[in-house]
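Reader: I like to go through a model one contact at a time, and today I would love a close look at a single helix pair. Could you walk me through it and then show me what lies around it?

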Amino acid sequence: MRKYLLSILMLCITFTLGAKIKLPAYYGDHMVLQQQAATTISGLANANKIVTLFTSWDNKKYSVKSDKQGRFQITITTPSAGGPYTMDFSDGELLRLSDILIGELWFCSGQSNMEMPVKGYTGQPVFGAHPYIVRAKESRPIRLFSVKNEWSKELKNDVSGEWMLHSSKNVGNFSAAAYFFGNLLEEQLDVPIGLINCSWSASKIESWMDRETLSEIEGVDLSVLKEKDFGYPNGTPTLLYNSMIHPFRGLAVKGVLWYQGEANSPSPELYRKMFPAFAKQLRTFFQNEELPIYYVQIAPWQSGNKDEFDWADFRQVQLDMLTEVPNTGMVITSDLGAEKFIHPPHKIQVGERLAYWALAKTYNKEGFMHSGPIYKGLEKEGSAIKVSFEYGNEGLNPEQENVEGFELVDEKGNVVPAKAEIIGATNIVKVWNDEVINPVEVRYCYRNYKLGTLKNNAGLPAAPFRAIIK
């Protein structure tokens, strides 16, 4: 009996003094931390214990005391890019995190077009992706973290997932848009790249937003949160923020990629109010008022009918956000759509165009064009309209032939085809229809699915738009 009691006593002592520190899942082996930044790590340890952390990159020791629930926070600072390093936590028992890289960390979110893996969906490939999967090497300093889909009515402190090495299997299963962004970034910056894929198919923007932010937006119905069960949690306000974004509080990231909008396309004017609030929420959450947010304009797709305007209206809102929300960039996908498939197969181009924005605007690289032509202004010349474009000063194409995709709206509201020609060696396109004397609006690819031919010298396509002629 004495022997039995002694065993029980030793077991209790081991449980009390030797319980390992618990950290959120994204603090683990193979992780990437943002370089030259402060990150606050929240965890659980034994109650009322001194918790120490030793960081090998600067041989620094941090010490804090856990509270009566065992909760603790430690704020660390990171050096310039490098690694691998270790982090040693202890409250009496060692927890070592190994193979840590310091570099550039990007948070990537959205719905199915962000979630779509490099290997594609069944029957819906990512064109050109297979060689990247085959050539993937674990030694390459790109690390991948995918957040498991979960929803919650209450705020959560952790997610399900783990950091993965750059292997063929892991690359094939990771977000294509995010991966091809990170692939180009690592090539150009020559530093470790960390990518967090936090996306859910068919999710609405409001599901990724917190209750406080949404409560200030007219038109958002929060009464649904009184329900206990949700048939569409990824379309319900706050549920994905609570479970998939809130746990990342305190983590420093370089920027955010956002590929979402299809699920909100029926309500473009509500999205016009929500997206700026979402951007502000992200910047508050990641404690960076100038956090870069690069997003993808939804691609041409038939929706209910290829000649209708519901998706076109939504793209116009996304275009407007580019000037209304500071420190953002928008990838134009007007040449990448698929009439019958909502998931365009050209994810290599999407990811690389996201990288163009980041390389130019976040990392200050020069010597290349980072966007296709974007509507700048217009001037009336008789019955013709001269339309000028940003990102076209080095030339527009195709010169000396009709530019397809333009339409005019006459005084009766009829939408009619238009002829269009580039004024040589300028950023201006002349648009006209001989039978429309007084056009009231000019449009480019302003349909659910309509392909145009206007590009700049870099081969990047023009953004669809509509503009009132005053």
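Reader: Is the crossing of α5 and α10 left-handed or right-handed?

Author: Happy to! The crossing of α5 and α10 is right-handed (the near helix is turned clockwise from the far one by less than a right angle; anticlockwise would be left-handed). Before the details, please keep in mind that this is a predicted model, in which local features need pLDDT of at least 70 and side-chain atom pairs count only at pLDDT 80 or more, while totals for chains, interfaces and linings use all residues. Residues are numbered from 1 along each chain as its sequence is written, and side-chain values use heavy atoms, with hydrogens and water left out.

Helix α5 covers residues 176-189, and α10 covers 347-362 (helices are DSSP runs of H or I with at least four residues, strands are runs of E with at least two, and both are numbered from the N terminus). Their axes lie 7 Å apart and meet at an angle of about 45° (lines fitted to C-alpha atoms over the stretch in contact, with angles from 0 to 180 degrees between N-to-C directions). That angle makes α5 oblique to α10 (under 35 degrees is roughly parallel, over 145 roughly antiparallel, 65 to 115 roughly perpendicular, the rest oblique).

Now for the residues that touch (heavy atoms within 4.5 Å). From α5 come Ala176, Ala177, Phe180, Phe181, Leu184, Leu185, Gln188 and Leu189. Facing them in α10 are Lys347, Ile348, Val350, Gly351, Glu352, Leu354, Ala355, Tyr356, Ala358 and Leu359. By class, this contact holds 14 nonpolar, two polar and two charged residues (Ala, Val, Leu, Ile, Met, Phe, Trp, Tyr, Cys and Pro are nonpolar, Asp, Glu, Lys and Arg charged, the others, including Gly, polar).

Helix α10 also takes part in a cavity. Both α10 and strand β13 (328-331) supply at least two residues of the lining of the largest cavity (on a 1 Å grid over the protein atoms alone, points where a 1.4 Å probe fits but cannot get out, lined by residues with an atom within 4 Å of a point). The volume of this cavity is about 60 Å³ (the space filled by probe spheres on points joined across faces, edges and corners). Its lining consists of Met330, Val331, Ile332, Arg353, Trp357, His370, Ser371, Gly372, Leu460 and Pro461, a set with six nonpolar, three polar and one charged residues.

A second helix pair is worth setting beside this one. Helix α8 (residues 268-285) packs on helix α9 (residues 310-324) at about 25°, with the axes 9 Å apart; the two are therefore roughly parallel. Their crossing is right-handed. Pro268, Glu269, Tyr271, Arg272, Phe275 and Pro276 of α8 meet Asp313, Phe314, Val317, Asp320, Met321 and Glu324 of α9. That contact counts seven nonpolar, no polar and five charged residues.

Lastly, some backbone details for your setup. The peptide bond from glycine 83 to proline 84 is cis, with omega near 5°, and proline 84 sits in strand β6 (residues 82-90). Asparagine 397 and proline 398 are likewise joined by a cis peptide bond, with omega about 5°; proline 398 belongs to the loop between β16 (396-397) and β17 (406-409). In strand β7 (residues 94-110) you will find aspartate 99, a non-glycine residue with a positive phi of about 55°.

Notes:
On a 1 Å grid over the protein atoms alone, a cavity is a set of points where a 1.4 Å probe fits but cannot get out, and a pocket is an open set with protein on both sides within 12 Å along at least five of seven lines; lining residues have an atom within 4 Å of a point.
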